[in-house]
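Student: Could you pick one part of this structure and go through it slowly with me? I'd like to see how that part is put together, and then how it fits with what lies elsewhere in the chain.

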Amino acid sequence: MRLVISLLLLVFTFSLFGQERCAQVPYEKMIHPTGTSEAIFEQWIKTKTVSKRQSSGTQRTQAGTYTIPVVVHVIHNGEAVGTGTNISDAQIQSQIDVLNKDYRRTNTDASSTPAEFQSVAGNMDIQFVLAKQDPEGLATNGIVRVKGTKTGWNLSDGSTFKALSYWRADRYLNIWVINFTDPGGYIGYAQLPLPAGTSLQGLEDASTDSLTDGVTIHYKTFGSLDGGNFSLDSKYNKGRTATHEIGHFFGLRHIWGDVSSCSTTTDYVEDTPSQDAATRTCPTTAQQACGHSKMYPNYMDYTDDNCMNLFTVKQIERMDIVINNCIRRKSLLTSPGALTPVPVANDLGIKSIVTPQTYSCSGHIIPSITVKNYGSNTVTSCRTVIKINGTIAESKDFNISLVPLAEVNLAFSTVNLTASSSTTIHFEVTLVNGITDAKTNNNLLQQTVITPANTALPVTELFNATPPDWSIQNADGLKTWQNVSLTSNSAMMLNFYDYENEGAVDRLVTPVFNLSNETSALLKFDYAYAPFPGVNTDSLSVVVMTDCGAYLTNANTLFNKGGSTLSTATSTSNSFSPTASQWKTETLSLLPFIGQSNVQIAFIARNGYGNNLYLDNVFILNSAINDLALTELKSPGPVFCVADPQPVVKIKNQGSTSVTSFKMETTVNMGTVISQNFTGIQLATGEEKEFRLNALPVSNGQNTLSFNVKDPNGIEDNVPANNSITVNRVLNQATDLIPLRENFDAGFAGQWTIVSQGAAPTWQVATTNYSSSLFYNAFGNTNTGQQSWLVSPVFDFSHTSKAGILFNVSYATRSTGTERLQVLSSTDCGVTYPNVIYDRQASEYSSNNSSTSWLPKTATDWQKDFINLNTLAGKKDVRLAFVITNQNGNNLYLDNLNFYEDDDANPPQISSSFYVYATSSLHDEYNITFNLSERADASVQIYNLIGQKVAEYTLPNTLNQTYPLDFIGGTGIYIVKTQIGSQVNSTRVLVSR
């Protein structure tokens, strides 16, 4: 899925309105990624068409004009009405006028339809009207203006901006007018219809379809210049974007069927000629495709607005079937929204349910509603019936005094809700002022109430299976929290890697627990996450609710991280599955909720279409716990040069009380334990800090360092499993000069250091077409996430203002995974490596695929890459680390590291030891480039033809540098003499100035 969508997004990248005009296909793909069951839907349409034709002939039969009430939601940026995104009422009315003319074929450009298509041009007796009454039955002009929460909206933001303003989709055609800023350049899309009375798997799997049903259009393409001087896009200024998108709303597909094929069934309409692609701009002559003329003026093609002018008879027939048979289409025909409201006497309606909400705690609740007087007279009494799961629980008379449009809350007798249940509560107004209510369409309202399970403390959830008493809230009905088995444990997972509905929120919610009599409370959980490269919008938040989820906006957020801040492992383009070392424990105090009786915790994941998120080992503890965790060794790094380093460790308080003291024990190479006490500190629950230890007596070469934190507040740690870290660290004080060439053929081991942790595999030497090369055997390593470091000697960059490194890499991709190569830099000789100066997925190097262990054999198996090191220029004590992260893909090879005192990514490449050459076609400037096998002192003298020395250069430690030459005498012939050791050479050059 990910590759397909990525390619789609690449295709949709032209200029703003020269891109993919309609977002219908990617939108449907996004909200229904499991597939839209196109064949089943089209079979349903076909069956309905045959039935209709048999009963009424080929001509459409219709009882009167179809009237469609429209509500236009203008999502603006705070401008005055008629300015910018806050378009005027006149512009909106101009669009309604276009719709009525286009669908009825009374459009003034109908005569422009080519003669060969005039006979199949159809008209639909339909009238679009701005709604005359709102969902409450009150008068309206059908226009709602809402200031948005963003200045521009992407395709994935649909559920967000639609939630800002929405009217019931079974009664109104919702049109949202927005500032569309999606990278795809879309200017509109619609939600396809669903057949009534059928179950089409893949079409009805999104539970919020009704809340997003309608049409979305860019504010620059909504309306027509025929209705006024509006600020519209020059290509789309006739209102045909809305005509096109409402065609989708009523079941039409693009005329070419969104396939590159001449199949006659591409759009499933008999009288639209097949074509294999969209038509763009505005053709001035007949267009050919699939052996016949294209119907490019059809509203369902992609031409400019002034080229569109017809629907066909069979397209009208298809829309007629949809409007008479589809969910939230047929009901529009009888919607009260199209009628001017006429107040009548004795009309009391239920405006909303106050209590209970969708979620409610167990126990006794008092149901209540808000009623409103929609009538023309004062209401002094009413009778309202409440049903519980279909059975009348109470019929209650209320004495009230409500003038027209006034409202009041009404409460009923208590109802008992049992834990772990679902209850439907039904309210109905039956009498008003002692007689039957004059309008019954606003008398009924019901709520299905979910009452979560209760649980006792402590809670210990290891997720060996999905816990039955936890709830999963999956708003879009698509991917959500699921239980998975990993190598060493089971966990709950959210598959963001394949979850294309960006912005979707999924919640995993604990049962209700009681803290009213507790004195201590703590939440602990483990999570694992690796970002997908370039994606930073996945997130996890943890909130505490004290009302059983009735009002999630009132919840208290304890934890909220996303993207790189959520990461527990390095980013990867592979589907992430964590190893044991790629989990992180989070500890959060629940002390602020002591005294509350109905406490719940929700783990809320927001999808950014990035990579997988995992949750495990959730503990809710109600007893005091002492738990210090040693989470990381910050320094020294894996290879360093300081003889007596002072380690820096990160320690986190995962216990229930603040820590003011602890002890640290350290050993070097399993020697004597070195103890150090820390007192007078302050480490609150969940807080993490760095602590610097005393100097350690390490030895040259590899050392095994062990650290153990213990005795928080002088008390034994209750969770010793997270107290210790053991690492491999190498003391290497080797230095080298820049420039440098390292080809790993011999003698590099004392200078360069290879190190991994534990028994993890390391970089190795292999024989390739470049003689000896370094390689990492990822093909044979199934322990994903392991790393190996290749660390340089200490370099001195203080003498140069520019620097770079050119090197060769070889890799072949394998479907099992893709390795990652990073280069980290240190300016304190390896004590810390704070900067990632290079980061690439190994697949970027590959022009090969191999299911066998990869070995490069020719120069074409390698790629050259360059890293600009200017950020390190001028600094001493520089170290570089080449770090490979294993994903069990294929072997990666590294060779021919050339360090330059330059930032030219393409330095001159020569085969001889030096080369003098002109740098311009005028031969007025020259350079000399060296290519020596090892560093040597070089000298250069320049002589004119009469033997006078005009310039001389002494060049120490020369290897691969390029230097400019200065011919002081001007135009003429010169002799350039070079001496490298005992080797002397001369070159004659002509200078023109």
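**A close look at some aromatic rings**

Tutor: Let's start with Phe-882, which counts as buried because its relative accessibility is 0%, and the cut-off for buried is under 20%. Keep in mind that this is a predicted model.

Now look for Phe-882's partner. The whole structure holds 42 aromatic pairs. In one of them, the ring centres of Phe-807 and Phe-882 are 6.0 Å apart and the planes meet at 80°, so this is an edge-to-face pair. Along the chain, these two are 75 residues apart: Phe-807 belongs to strand S49 (residues 804-811) and Phe-882 to strand S53 (residues 879-885), so the pair links distant parts of the chain. Phe-807 is buried too, with a relative accessible area of 0%.

For a contrast, try Tyr-915 and Tyr-917. Their rings form a stacked pair, with 5.3 Å from centre to centre and 15° between the planes. Tyr-915 is partly exposed at 44% relative accessible area, while Tyr-917 is buried at 16%.

Back to our first pair. Phe-807 and Phe-882 belong to a cluster linked by ring pairs, whose other members are Phe-744, Phe-748, Trp-752, Phe-795, Phe-797, Tyr-838 and Phe-899. Phe-744 deserves a stop of its own. You'll find Phe-744 in the loop between S43 and strand S44 (753-756), and it counts as buried because its relative accessibility is 1%. Its backbone has something to show as well: phi is positive, at about 60°, although Phe-744 is not a glycine.

Just before that loop comes another backbone detail. The peptide bond from Ile-738 to Pro-739 is cis, with omega near 10°. Pro-739 sits in the loop between strand S42 (735-736) and strand S43 (740-742). You can find a second cis bond from Ser-635 to Pro-636, where omega is near 5°. Pro-636 is also a loop residue, between strand S34 (628-635) and strand S35 (639-640). And if you want another positive phi outside glycine, go to Leu-405, where phi is near 75°. Leu-405 lies in the loop between strand S17 (391-402) and strand S18 (407-411).

Rings can have charges over them, too. The charged end of Arg-814 sits over the ring of Phe-779, 4.0 Å from the ring centre. Elsewhere, Arg-329 lies over the face of Phe-249, at 3.5 Å from the centre of that ring.

Phe-249 takes us to a helix. It is one of the buried residues of H8, and this helix (residues 240-249) is mostly covered, with 10 of its 10 residues buried. Just after H8, Gly-251 has a positive phi of about 100°.

Compare helix H9 (residues 313-325). Its 13 residues reach 19 Å from the first C-alpha to the last, close to the 18 Å expected at 1.5 Å a residue. In H9, 10 of the 13 residues are buried, so the rest of the structure largely encloses this helix. Among those buried residues are Lys-314, Glu-317, Arg-318 and Asp-320.

One more stop, this time at a sheet. Five strands form an open, antiparallel sheet in the order S24-S27-S32-S29-S30. At its edges are S24 (471-474) and S30 (556-562), each pairing on one side only. Neighbouring strands here are turned by 15° against each other on average, ignoring direction. Inside the sheet, S27 (residues 505-509) and S32 (residues 600-606) make an antiparallel pairing over five bridges, and Val-505 stands opposite Arg-606 in S32.

Follow the chain on from S30 and you reach Ala-569, in the loop between S30 and strand S31 (584-589). Ala-569 is buried at 11% relative accessible area. Beyond its close sequence neighbours, Ala-569 is in contact with Tyr-529, Ala-530, Pro-531, Phe-576 and Gln-582.

Now zoom out. The chain has nine helices and 61 strands, and 53% of its 993 residues count as buried. Its C-alpha atoms fill a box of roughly 115 × 85 × 50 Å along the principal axes. Of the contacts between residues at least 6 apart in sequence, 74% join residues at least 24 apart. The ring pair we began with, Phe-807 and Phe-882, spans 75 residues of sequence.

Methods
Residues numbered from 1 in each chain as written. Predicted model: local features only at pLDDT ≥ 70, side-chain atom pairs only at ≥ 80, totals over all residues. Heavy atoms only, no water. Pairing = 2+ DSSP bridges. Helix = DSSP H or I, 4+ residues; strand = E, 2+ residues; numbered from the N terminus. Axes fitted to C-alpha atoms, helices over the stretch in contact; angles between N-to-C directions. Buried < 20%, exposed > 50% of the residue type's maximum accessible area, 1.4 Å probe, protein only. Contact = heavy atoms within 4.5 Å. Phe/Tyr/Trp six-rings, centres within 6.5 Å; stacked < 30°, edge-to-face > 60°. Lys NZ or Arg CZ within 6 Å of the ring centre and 35° of its normal. Expected span 1.5 Å × (residues − 1). Lists of a residue's contacts leave out its neighbours within four places in sequence.
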